[in-house]
Amino acid sequence: MMSVASPRKSITEKVFERVGGVSYLSSYLKNNNGHNHHHHRKFESDDDEGTMELVQIGAERTKNVLILMSDTGGGHRASAEAIRDAFRLEFGDEYRVFVKDVWKEYTGWPLNNMERSYKFMVKHVQLWKVAFHSTSPKWIHSVYLAAIAAYYAKEVEAGLMEYKPDIIISVHPLMQHIPLWVLKWQGLQKKVIFVTVITDLNTCHPTWFHPGVNRCYCPSEEVAKRALVDGLEESQIRVFGLPIRPSFARAVISKDQLREELEMDPELPAVLLMGGGEGMGPVKETARALGESLFDKELGKPIGQLIIICGRNKNLVSTLESDEWNIPVKVRGFETQMEKWMGSCDCIITKAGPGTIAEALIRGLPIILNNYIPGQEKGNVPYVVDNGAGVFTRSPKETARIVAEWFSTKPDELKRMSENALKLAQPEAVFDIVKDIHDLACQRGPLANIPYMLTSSFTSII
């Protein structure tokens with residue numbers, strides 16, 4: 001608990017000042033100065049004239065949607081922003097959408113340090129493997145989350161209060177339990193719509209699944225089966241696919257037009273080599289192997305062209321740009337228009353990130369997977385390979401050989417895998433998700449007069 005005499009303001013104090021003003025803050029301080037009260041204790045103003053509640057007024061008002069995410073990998077933010085953009089396209093000003101990392105903005109260690117911790121563990125991959133599997137048993141992660149909630153529930157509550165959401169969408173496995181506890185404590189579980197959008201294609205950590213959600217949107221049937229095993233009802237589950245940016249789902253520019261715009265060779269087949277946002281993995285080795293395999297020494301000419309996306313890895317960009325190439329090569333840094341580069345190519349080489357896989361499937365690109373993060377990405381490999389949409393190999397030379405065969409002696413295999421990729425693709429997933437959430441909101445009736453009030457203790461509920 002915070003001491004009133006402390007000269008330093010806590011995160012919670014700052015938020016309350018922003019949300020409710022000075023009198024609201026003084027009420028908070030008064031009720032946290034050694035007085036222990038139970039259950040729904042309503043906070044009174046200094047003149048005791050009534051209850052301090054944050055009440056949203058007007059049945060026809062714009063509805064607030066709060067999307068909870070964390071930058072532990074790029075996929076969570078990408079999915080959140082895709083959902084935000086789809087809401088705007090489908091419903092205009094009917095919804096006001098906030099994409100927020102409430103953990104980073106409102107809490108302390110370890111929640112506000114998840115991004116840095118995740119990146120460290122992924123670089124030391126065995127650490128992440130141990131962390132993923134050791135926290136999978138329900139009794140372990142339930143105890144861990146309850147302990148975190150007991151310490152930070154008040155701050156999470158403050159974050160929710162600032163945005164006063166009518167609808168909460170979680171796109172992260174650790175953002176179900178604590179917000180749902182907060183809603184339960186405030187008596188808002190039946191008033192605020194809470195949904196989970198799972199961003200892992202196949203292998204999921206059990207913390208994704210919480211029986212208290214209104215909907216759990218699964219990207220595949222495999223994930224839906226796990227949701228049932230982990231206690232969700234069929235009525236809570238929808239299988240629409242992974243939410244991908246609308247620019248991918250509804251792009252209409254032809255490959256020829258894209259190649260002209262991107263100044264690529266109009267005739268040669270193209271392979272897209274991805275290093276992710278940070279330019280990780282064997283990008284340099286694979287690029288150089290492709291430089292050799294895609295040059296026909298007998299004919300003295302290239303049989304393909306290469307596009308390399310290096311992400312934020314400026315050293316990698318500099319190294320590859322200084323190389324001498326016998327084939328057409330484009331070296332790019334961090335790209336924001338991946339739909340164009342994918343649309344201009346004929347196959348892709350990437351690690352098994354769910355977002356990149358889903359985007360490649362929409363573009364009908366056969367996929368060569370060259371790596372995966374243990375845990376959540378491991379299942380993505382059989383998802384692609386068993387469905388005939390790609391292959392897996394960690395060897396740069398083997399990767400280069402496969403691409404060279406696709407571009408020369410095995411074009412039928414490339415075409416067949418492209419067709420299989422399109423069969424797996426779910427380009428309308430993000431629109432299906434937001435339409436279903438909108439239907440939930442309509443069934444709930446006018447989302448007005450939802451009282452967000454300060455609670456004094458979370459001990460009994462946690």
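# Exercises on helix packing, aromatic pairs and unusual backbone angles

Ser293 touches Ile303, Ala400 and Ala404, when residues up to four places away in sequence are not counted. The model in which these contacts are found is a predicted one, and the exercises below start from this residue.

## Exercise 1: Ser293 and its surroundings

Task: Find the helix in which Ser293 lies, and decide whether Ser293 counts as buried, exposed or partly exposed.

Solution. Begin with the position along the chain: Ser293 lies in helix α11. Next, take the relative accessibility of Ser293, which is 22%. Buried would require a value under 20% and exposed a value over 50%, so Ser293 counts as partly exposed. Finally, turn to one of the contact partners, Ala400, which is 107 residues away from Ser293 along the chain, although the C-alpha atoms of Ser293 and Ala400 are separated by 5.9 Å.

## Exercise 2: Two partners of helix α11

Task: Describe how α11 packs against α16, and then how α11 packs against α12, giving for each pair the class of the angle and the hand of the crossing.

Solution. Take α11 and α16 to begin with: these helices pack at an angle of about 40°, with their axes 8 Å apart. Roughly parallel would need an angle under 35 degrees, while roughly perpendicular covers 65 to 115, and α11 and α16 are therefore oblique to each other. Their crossing is right-handed. On the side of α11 the contact is made by Glu285, Thr286, Ala289, Leu290 and Ser293, and on the side of α16 by Pro396, Lys397, Thr399, Ala400, Val403 and Ala404. Sorted by class, the residues of this contact comprise 6 nonpolar, 3 polar and 2 charged.

Now take α11, which spans residues 283-293, with α12, which spans residues 314-322: their axes come within 11 Å and cross at roughly 20°. This angle falls under 35 degrees, and α11 and α12 are therefore roughly parallel to each other. Here too the crossing is described as right-handed. Val283, Lys284, Ala287 and Arg288 are the residues of α11 that meet Leu316, Thr319 and Leu320 of α12. By class, the contact of α11 with α12 has 4 nonpolar, 1 polar and 2 charged residues.

## Exercise 3: The buried side of helix α16

Task: List which residues of α16 are buried, and name elements that cover them.

Solution. Helix α16 runs over residues 396-406, and within this stretch Thr399, Ala400, Ile402, Val403, Ala404 and Trp406 are buried. The cover over these buried residues includes two helices, α11 and α17 (411-424), together with the strands β8 (270-274), β13 (347-350), β14 (367-369) and β15 (390-392).

## Exercise 4: Aromatic pairs

Task: State how many aromatic pairs the whole structure holds, and classify the pair of Phe87 with Tyr95 and the pair of Tyr217 with Phe240.

Solution. The search of the whole structure finds 6 aromatic pairs. In one of them, Phe87 and Tyr95 lie 5.0 Å apart from centre to centre with 55° between the planes, and the pair is tilted. Phe87 and Tyr95 are both buried. For Tyr217 and Phe240, the ring centres are 5.9 Å apart and the planes stand at 25°, so this pair is stacked. This stacked pair links distant parts of the chain, since Tyr217 is in strand β6 and Phe240 is in the loop between β7 and α9, 23 residues apart. Tyr217 and Phe240 are also both buried.

A further step leads from the pair to a cluster, as Phe87, Phe91 and Tyr95 form one aromatic cluster. His438, which lies in helix α18, is in contact with Phe91, Glu94 and Tyr95, leaving aside its neighbours within four places in sequence. With 15% relative accessibility, His438 counts as buried.

## Exercise 5: Positive phi angles outside glycine

Task: Locate Lys164 and Glu263, and state how exposed Lys164 and Glu263 are.

Solution. Lys164 is not a glycine, yet it has a positive phi of about 45°. Its place is in the loop between α6 and β4, and with a relative accessible area of 25% Lys164 is partly exposed. Glu263, likewise not a glycine, has a positive phi of about 60°. Glu263 is found in the loop between α10 and β8, and at 65% relative accessibility Glu263 counts as exposed.

How values were computed:
Residues numbered from 1 in each chain as written. Predicted model: local features only at pLDDT ≥ 70, side-chain atom pairs only at ≥ 80, totals over all residues. Heavy atoms only, no water. Axes fitted to C-alpha atoms, helices over the stretch in contact; angles between N-to-C directions. Helix = DSSP H or I, 4+ residues; strand = E, 2+ residues; numbered from the N terminus. Parallel < 35°, antiparallel > 145°, perpendicular 65-115°, else oblique. Left-handed = near helix turned anticlockwise from the far one by under 90°. Contact = heavy atoms within 4.5 Å. Nonpolar A, V, L, I, M, F, W, Y, C, P; charged D, E, K, R; others polar. Buried < 20%, exposed > 50% of the residue type's maximum accessible area, 1.4 Å probe, protein only. Phe/Tyr/Trp six-rings, centres within 6.5 Å; stacked < 30°, edge-to-face > 60°.
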